[in-house]
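Morning, everyone. I'll take a few minutes on one model and how its chains meet. Here it is.

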Amino acid sequence: MGIGENLKRYRLINELSLAEVGKRLSISPTAVAKYEKEIIIPDSKRLIEFSKMYKIPVYNLIKSYMMPTMKLDTFRKKSRLVGKKLEVLQSIIQIDVSKYIEVLQLSGIKPNYKLEKIECNSIEDAENVAYNFRKKYLSPLLPIQNLTNILENLGIYLISIRNQNGMFNGFDGISEKIGDIPFIVSLDIEDGARQRFTIAHELGHLLISVKGNQEESICHRFAGALLLPKEAMINEFGSKRHHINFTELEIIKNEYGVSNQAIIYRLRDLKIINESTYRNLCMLINKQITKSNQQIFPKEITHQYERIVLKLQSQEIISAKKAAEYLEITIDEYYQRNNNS
Amino acid sequence: MNIIKETIIVDTNILIDASIAGVLKEFVKLDNLLISDLVKETEINSKTGDIVEIEKIKVISSTSEQIYKMNMVTTSEPNLTAEDAINFILAKDNNLVLPTDNKRLRKYAIRNDVKIIGPLKILDLMLENRIITKKKYSQSLIKLHNSNNRLPDEEIIKRIEESYLQK
């Protein structure tokens, strides 16, 4: 990825056309296109103009990374995330993954992910995979307090992508193994319940191999079964219910860190509620959303990447400047944050 | 007034160091300092040091060809930062001296025939050339030592001891 691709990515993030950029820089749209195709390389003055317009540090335009080859084939995307937006998102994911790999290589951390893929042919198989995963690594029934920490301890690396002015609305997450290193990339959203479900769903993609086209629904079931285990749900709600109070749902949501929608979906999957109760509950939840009195479950934050970078710097494997660059902050911000110079 | 024959391309760290040491005003008076417009635009702010003083440093721009080379360095040398790459290319193309305390940049520069100078050496030369007094020199070293600075403590202490012995 060179300067041209950097220029194009930031133009698209700013949702500007070649003509708009050309007008602001008093050059032709063709000239802007030539910069993006690297037919012309900008000098420092022009580069500063670009960086000011795109509101980014000029280094972001100069810096290149060895981009990993990614299949990006498990993109959980809705139809509205297509074309240029998808292209930008993919390049941002590739840059973040390549930075993470670079940091891991410098730190000498060897991949320790040992989970084998399990073949699933039905929704019920997904339920078993989740059950066995919990049995092996977690408490079989208790709510998962911090999914991010658990996965990081299993050698999975998590990346959170900033939603540039809502540009990536429609993207939830993606998972892929690059060499021996598994990554889960999700959108940085405030709603922790939704974020956790996405991470659990993407874990499903890493753990499960599916023949045929049922992969999405199998991974969805896996995520539900992992976050809301069958036995626990029966203990909480009973084996059959015709009505559930909204407050009861809110209590379970806060206890298990899963959205109300995902809870009732799960209850329907487990046949604790029937289709009609499910529909009534959907209406009830929607009504409460419009009243906007729903509490948001706090999002999980990963500190692993930052921790590795800080360790690399304290071991003098990288300079403070390099650490600041990896963390996308200026050098004085880095010194201030770490209370030294 | 100059402390070395060649021109120095300053980076953010050297300005922060000079500011902490309380010698920024004297440092920027040197005739042969340059700062890249890219570095100035990205890194320099009031937290780096006194902006009015930093403004006195002459600015150097980079050509398209140099920008291309900087980009190549950031890819081939992942240990170096974009700022390292900028200053390295400017130093190489214009026969400038690169001030750095970063081991990796130091090695890379030497391998590519770019002259380097350590921040403490600059302070030594400022004293030798009477740009700062002995008293100011000692005070600067103590300030650097007390600031939990990334510069090597042993080197700073050695200089502090020597400066007291010479009194």
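One definition before the counts: a salt bridge here means a side-chain nitrogen of Lys or Arg within 4 Å of a carboxyl oxygen of Asp or Glu. Also keep in mind that this is a predicted model.

So, how many salt bridges does that rule find across the interface of chain A and chain B? Five. Take one pair: Lys321(A) and Glu83(B). Their side chains meet at 3.8 Å, N to O, and the cut-off is 4 Å.

Which elements supply the chain A side? Five helices of chain A give two or more residues each to the side that touches chain B. They are H4 (44-54), H5 (59-62), H6 (83-107), H16 (320-326) and H17 (331-337). H4(A) gives the most, with five residues. By class, that side of chain A has 16 nonpolar, nine polar and 10 charged residues.

Now the totals. The contact takes 35 residues from chain A and 39 residues from chain B. Together the two chains bury about 3200 Å². Of that area, 54% is on carbon and sulfur atoms. Polar contacts come to 17 residue pairs between the chains, counting pairs with both residues at pLDDT 80 or more.

Back to H4(A). Is this helix enclosed or open? Eight of its 11 residues are buried, so H4(A) is largely enclosed by the rest of the structure. The buried set is Ser44(A), Arg46(A), Leu47(A), Ile48(A), Phe50(A), Ser51(A), Met53(A) and Tyr54(A).

What do those buried residues pack against? On the chain A side, helices H1 (3-13), H2 (18-25), H3 (29-36) and H5. From chain B, helix H3 (37-43) and helix H5 (64-76). So the packing partners of H4(A) come from both chains. Just after the helix comes Lys55(A), with a positive phi, near 55°.

Last, chain B by itself. Chain B has 10 helices and five strands. The radius of gyration is 16 Å, and the globule rule gives 15 Å for 167 residues, so chain B is as compact as a globular protein of that length. Along the principal axes, the C-alpha atoms of chain B fill a box of roughly 50 × 30 × 30 Å. Buried residues make up 53% of chain B. And the contacts? Among those in chain B with a separation of 6 or more, 62% join residues 24 or more positions apart.

That's the tour. Questions, please.

Terms used: Residues are numbered from 1 along each chain as its sequence is written. Chains are lettered from A and ligands numbered from 1 in the order in which they are written. This is a predicted model: local features need pLDDT of at least 70, side-chain atom pairs count only at pLDDT 80 or more; totals for chains, interfaces and linings use all residues. Side-chain values use heavy atoms; hydrogens and water are left out. Contact means heavy atoms within 4.5 Å. Buried area is the accessible area (1.4 Å probe) that two parts lose on being put together, summed over both. A polar contact is a pair of N or O atoms within 3.5 Å; within protein, one must be able to donate a hydrogen and the other to accept it, and residues adjacent in sequence count only if both atoms are side-chain atoms. Helices (H or I, at least four residues) and strands (E, at least two) are DSSP runs, numbered from the N terminus. Ala, Val, Leu, Ile, Met, Phe, Trp, Tyr, Cys and Pro count as nonpolar, Asp, Glu, Lys and Arg as charged, and the others, Gly among them, as polar. Buried means under 20% relative accessible area, exposed over 50%, partly exposed in between (1.4 Å probe, protein chains only). The radius of gyration is taken over C-alpha atoms; the globule rule is 2.2 Å times the number of residues to the power 0.38.
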